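Hi everyone, thanks for coming along. Please pull up the structure on your screens, and we'll walk through it together.

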Amino acid sequence: MKKIIALCVLLCVALPVAAAEITVSAAASLRDAFAEMAVDYQTLYPDAKVKLNTGASGTLLRQLLHGAPVDVLATADEATMRRAVAAGAVRADSRVVFAGNALVLVLPQSSPHKGFAPADLRQAGVRRIAVGQPDSVPAGAYAKAFLLKQGLWADVQAKLVYAQNVRQALAYVSRGEADAGLVYRTDALSARGKVRVAAALAGEPVRYPAAVSSRSRQPAEARRFVGYLQSARAQGILQKYGFSKP
């Protein structure tokens, strides 16, 4: 009997502990920074594994509401997160704001336009303007709000090319398929050499919140990841990619 007990103890000690895997749904503009942070987090916590799912914030929320196995939701705006809280999709007490950003006007690197300002979007030579879909892409909602405030919306609405996420809008401009685009500063930085920033656009502050999914199967690990987002290590990575402190 003692031998059996001893054998059981040895087996329990020898068996590897399964890593706590979490799925993090993050706004498309966070893709590069979060990819690096996932590696850093797993280095810091070898018992954890992070799987990333990126896309438009509104799309990520719909996925979560339809039962997608998500542990952490990180959006590019507070409006989407408020809807997530109201729907009971995330734990309100876990919500934090961990980064900031800004909207900019970009042109293809090869664009002949010089000294280009937002009002120049009215020019006949500007035929296609890339923006995110306002109903599901926060960058698109910010872009629409800016154009409305500047009195440009009615004049340029027919020129708008809607993208499924902000990275797609950036791609349209970088490939020269759009004459201009309204994207985040961090996206413009990721495409240096392909696009150039024509103007920084004043408007509503861009803030990134994160929260633990109410359906998380690894709530403790999910909370640890959300806490990590506010750490000096994570903030250093975010700033490397052009994000500002919240």
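Let's start at Ala-139, which sits in helix 5, the stretch covering residues 138–149. One thing to say straight away: what you see is a predicted model. Is Ala-139 buried or exposed? Its relative accessible area is 1%, and buried means under 20%, so Ala-139 is buried. Which residues does Ala-139 contact, once we leave aside its neighbours within four places in sequence? Those are Leu-103, Val-166 and Tyr-184.

Hold on to two of those names, Val-166 and Tyr-184, because they come back in the UniProt record, along with Ala-139. In that unreviewed entry, the annotation "binding site" covers Ser-29, Ser-57, Ala-139, Val-166 and Tyr-184. Along the sequence these residues span 156 residues, yet no two of their C-alpha atoms are more than 14.0 Å apart, so they gather at one spot. And where is that spot? Ser-29, Ser-57, Ala-139, Val-166 and Tyr-184 are included in the lining of the largest cavity.

Let's look at another member of that group, Ser-29. You'll find Ser-29 in the loop that runs between strand 1 (20–27) and helix 2 (31–44). Its relative accessibility is 3%, so Ser-29 counts as buried too. Now for its partners, not counting residues up to four places away in sequence: Ser-29 touches Ala-76, Val-166, Arg-167, Tyr-184, Thr-186, Asp-187, Tyr-208 and Phe-243. Val-166 and Tyr-184 are on that list, and you heard both of them a moment ago as contacts of Ala-139.

Right, let's zoom out for a minute. How many helices and strands does the protein chain have? There are 10 helices and 8 strands. If you draw a box along the principal axes, the C-alpha atoms fill roughly 90 × 35 × 25 Å. The chain has 246 residues, and 48% of them count as buried. The accessible surface comes to about 12000 Å², with 55% of it belonging to carbon and sulfur atoms.

Here is a number I like. Take the contacts in the chain with a separation of 6 or more: 78% of them are between residues 24 or more positions apart. As for charges, there are 31 positive and 17 negative ones, and their mean positions are 2 Å apart.

Now, back in close, to Leu-121. This residue is in the loop between strand 4 (96–108) and strand 5 (129–132). Buried or exposed? With a relative accessible area of 2%, Leu-121 is buried. Leaving out residues up to four places away in sequence, Leu-121 touches Leu-105, Phe-116, Val-126, Ile-129, Leu-147, Val-156, Lys-159, Ala-180 and Leu-182. Measure by eye from Leu-121 to Pro-69, and you cross a good stretch of the model: 52 residues in sequence and 42 Å in space, C-alpha to C-alpha.

One of those partners, Lys-159, deserves its own stop. Lys-159 is in the loop between helix 6 (153–156) and strand 6 (160–163). Its relative accessible area is 14%, and the cut-off for buried is under 20%, so this lysine counts as buried. Beyond its neighbours within four places in sequence, Lys-159 is in contact with Leu-121, Arg-122, Gln-123, Val-126, Arg-127, Arg-128 and Ile-129. From Lys-159 to Ser-110, 49 residues apart along the chain, the C-alpha separation is 20 Å.

Next, Ala-79 in helix 4, residues 78–86. Ala-79 has a relative accessible area of 30%, which makes it partly exposed. Ala-79 and Pro-138 are 59 residues apart along the chain, while their C-alpha atoms are separated by 8.5 Å.

Our last stop is Ser-244, in the segment after helix 10 (232–240). Ser-244 is also partly exposed, with a relative accessible area of 30%. Setting aside neighbours within four places in sequence, Ser-244 is in contact with Ala-99, Gly-100, Asn-101 and Arg-185. Its C-alpha atom is 35 Å from that of Ala-124, and the two residues are 120 residues apart along the chain.

If you keep one picture from today, let it be the annotated residues from the UniProt record, spread over 156 residues in sequence yet gathered at one spot. Thanks for listening!

Methods. Residues are numbered from 1 along each chain as its sequence is written. This is a predicted model: local features need pLDDT of at least 70, side-chain atom pairs count only at pLDDT 80 or more; totals for chains, interfaces and linings use all residues. Side-chain values use heavy atoms; hydrogens and water are left out. Helices (H or I, at least four residues) and strands (E, at least two) are DSSP runs, numbered from the N terminus. Buried means under 20% relative accessible area, exposed over 50%, partly exposed in between (1.4 Å probe, protein chains only). Contact means heavy atoms within 4.5 Å. Accessible areas come from the Shrake-Rupley method with a 1.4 Å probe; for residues, only the protein chains shown count as cover. Lys and Arg count as positive and Asp and Glu as negative; His and the chain ends are not counted. The place of a charge is taken as NZ of Lys, CZ of Arg, CG of Asp or CD of Glu. UniProt positions are given in the numbering used here, feature names are shortened, and annotations may be inferred rather than shown by experiment. On a 1 Å grid over the protein atoms alone, a cavity is a set of points where a 1.4 Å probe fits but cannot get out, and a pocket is an open set with protein on both sides within 12 Å along at least five of seven lines; lining residues have an atom within 4 Å of a point.
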